[in-house]
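Here's a quick tour for anyone meeting this structure for the first time. Have a look at the picture, then read on.

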There are 2 protein chains.
Amino acid sequence: MRQSKLFTKTKKEAPTDEVSKNAELLIRGGFINKEMAGVYSYLPLGLRVLKNIENIIREEMNAIGGQEITMTALQNPELWKKTDRWEDEKVDIWFKTKLKNDTELGLSFTHEEPLTNIMKNYISSYRDLPCFVYQFQTKFRNETRAKSGIMRTREFIMKDLYSFCKDETEHNEFYEKAKTAYQNIFKRVGIGHLTYLTFASGGSFSKFSHEFQTISSTGEDTIYIDGSKGIAINKEVYNDEVIESLGLLKESLVENRAVEVGNIFTLGTRFSDALDLKYQTETGEFKPVFMGSYGIGPARLMGTVVEALADDKGIIWPESIAPFKVHLLSLGDNEDVKKEANLVYDTLIKENIEVLFDDRDDLSPGEKFADADLLGMPYRLVISSRSMKEQGIEIKKRNEEKGKIISLEELLKIFKLEPRA
Amino acid sequence: MRQSKLFTKTKKEAPTDEVSKNAELLIRGGFINKEMAGVYSYLPLGLRVLKNIENIIREEMNAIGGQEITMTALQNPELWKKTDRWEDEKVDIWFKTKLKNDTELGLSFTHEEPLTNIMKNYISSYRDLPCFVYQFQTKFRNETRAKSGIMRTREFIMKDLYSFCKDETEHNEFYEKAKTAYQNIFKRVGIGHLTYLTFASGGSFSKFSHEFQTISSTGEDTIYIDGSKGIAINKEVYNDEVIESLGLLKESLVENRAVEVGNIFTLGTRFSDALDLKYQTETGEFKPVFMGSYGIGPARLMGTVVEALADDKGIIWPESIAPFKVHLLSLGDNEDVKKEANLVYDTLIKENIEVLFDDRDDLSPGEKFADADLLGMPYRLVISSRSMKEQGIEIKKRNEEKGKIISLEELLKIFKLEPRA
């Protein structure tokens, strides 16, 4: 895409009320717009990142047998009363609204209740199990404070998967698959090396739930990491008994701040009991369905990537989720340079390489370099009088200090050897 | 996908409170789930249709220069007070909610206000214009009655594009392009032959707005069609003067019920004046930006396709939006039949042909045929003892009476000659 056509522009300053690094950089880069505290719109560059993350998650959920649906924000209180989650005293993050006839409705903060209710139409026999259903859907959470940029917001897209199994054994088998799928996701979006499977508080049906925590100084959680085993314990369950039960040693655990980027949870029969989701076994008995839930917020992941990987010049996107793979800069007023830059642009487009082309006339080289650093595409290509003299294109990765001049043929060879992850 | 794995199943009956044909067929087919009046979830088959429609719309919007974003549902009243659209007396379809600190927020029913406000960050000069921005985003509308299935709901995805131009001339140029793009969309989703560009009431800045109306006995609108010219007049502006001004003759106009499937509207400076969106001209003057809006609801389109094309056995999906191109049925218990059906399934998958494979063991041929008719995939393939005897596969289009037996090679040739529209 030609940057002269992109309607967003970078800014020198972020809003003064924005304290988080992710929001500051994303707003300055024109990735997002702050509508109010904790509510952000996604502009073209930001939406491209979000969709890339969603697609990675979707692929991993499909690979473990997930079937995609979309539920609704508007919620009928009746279902939530049955699970005792309707009253504001029980759940303090509801946004509620009203129909014209004064009937109160909720805006969902999660979807166990409506999905369990849908499944009553389709699950009646052991032959209908197991099944795994997920969605990307907007959650509304009436957070009292929202100051972590796009990492804790009042309205956000969440991927939530729910598993429906015959019993705990079948559940555990899927739960392990989901764990691996989650680890694949964090690896693919570029924060695998910073992310730890973390033991956190469970419920009636399991001693622990599992969080995926990414090390970040701005994280809201404290975790204790065993680096050699690649696992961690959340402070909320951190004690001698737990350390021992996990076969860990207190002296090898290191305290860190971290962001919860995913969470998987054994629900057991909490919701199937309350909403009467039963199936008939092979021997004719009726049993409640055994459930699990698996959440991940694409926007929080996006914010975490910014927090974890940015440097003091701006964002550094991993290639797998970058809005464009390449940022092509044409420098100066020289007509030959412009012609060459257009040629390179057309060639990359023809080769299906995603490229943002800074073809703007009214910016200095310094301004273009600063924009490229802020926006953070993995590869920067520069066409200038200098590169023309050396009969090539200057290429530099965003995380490298210095570029080098190569030919268009060499460039295409590099990009073909390194397809999008 | 194997139908034995699909978690939804067809039903003989729809909910008794559901009066519309689209909802009845879509619920019976397991495409959607009714959460409450006017609120529907999309299950796997339904979501596939919706995404196919969205992708067609997206392609057409990108082709005319649209840049995709996503705004939010939660709305700050301040912006809407400036355009005098906050009070319930002015806009009677608001859903409203409250923050913890009692600040009232709205759930957007449209997005002129927030987008105009965003554009103030990016439009300041004639060089920034024109630009065209769109989204697929959830709208909330507090409808008093909701009884048309997925065609008029309280919560739905809408594609809304907004154009920002220097003046009316530049606006009109884009407006004509948008008209053509809309016509392409209706053609591509399979209702082009039933859809008319319809003159409807305009605003301060144009005599007419333009609706796209699809003939349907269940439509809420009445239009007067000139079949030879392919245009129509909405009853709301139908009078002698309008007929004459459009160069039409009263005697050639035919009254019809119709569904509004799209709407394009010249907004002029209504919002840029109220929210102070100005640009500086080449000569240094400040002028308000000239705007337009262009709406289309993918779910309403989906419902309209069902209403317009279904027969008494079920849905008939156009190939461009069908959840799967092919419904492959394996009939009976014969092991050779099952083996052959699996072979055909694997071959189609390998050829990237989207296929739903009815591999279920516990259903009679009659039940499988009835399901195939209800679900409405464009091609039905049958493998049975009979087709095996004739050494082939029975193929029948959903809208044909009788099938014929062809070989696998012939089948692949047909599908390669008719790629997805």
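Helices and strands here are DSSP runs, with at least four residues for a helix and at least two for a strand, numbered from the N terminus. Keep in mind that this is a predicted model. By that count, chain A has twelve helices and 21 strands. Its C-alpha atoms fill a box of roughly 80 × 60 × 45 Å along the principal axes. Of the 421 residues in chain A, 46% are buried. And among the contacts of chain A with a separation of 6 or more, 69% link residues 24 or more positions apart.

So how do the chains meet? Chain A brings 37 residues to the contact, and chain B brings 37 residues too. On the side of chain A that touches chain B, several elements give two or more residues, including those below.

| Element of chain A | Residues |
|---|---|
| strand E1 | 32-36 |
| helix H2 | 44-63 |
| strand E5 | 95-98 |
| helix H4 | 112-119 |
| strand E7 | 131-140 |

That side of chain A is made up of 19 nonpolar, eleven polar and seven charged residues.

What about symmetry? Turn chain A by 180°, with 0.0 Å of shift along the axis, and chain A lands on chain B with an RMSD of 0.0 Å. The two copies are therefore related as by a two-fold rotation axis. In chain A, the C-alpha nearest that axis belongs to A:Thr97, at 2.6 Å. Both copies use the same surface, as 100% of the contact residues of chain A recur in chain B.

Over in chain B, look at helix H4 (residues 112-119): eight of its eight residues are buried, so the helix is largely enclosed by the rest of the structure. Among them are B:Glu112, B:Leu115 and B:Met119.

Technical notes
Residues numbered from 1 in each chain as written. Chains lettered and ligands numbered in written order. Predicted model: local features only at pLDDT ≥ 70, side-chain atom pairs only at ≥ 80, totals over all residues. Buried ≥ 20, exposed ≤ 12 C-beta atoms within 10 Å, placed from the backbone. Contact = placed C-beta atoms within 7 Å. Nonpolar A, V, L, I, M, F, W, Y, C, P; charged D, E, K, R; others polar. Least-squares fit on C-alpha atoms with pLDDT ≥ 70 in both.
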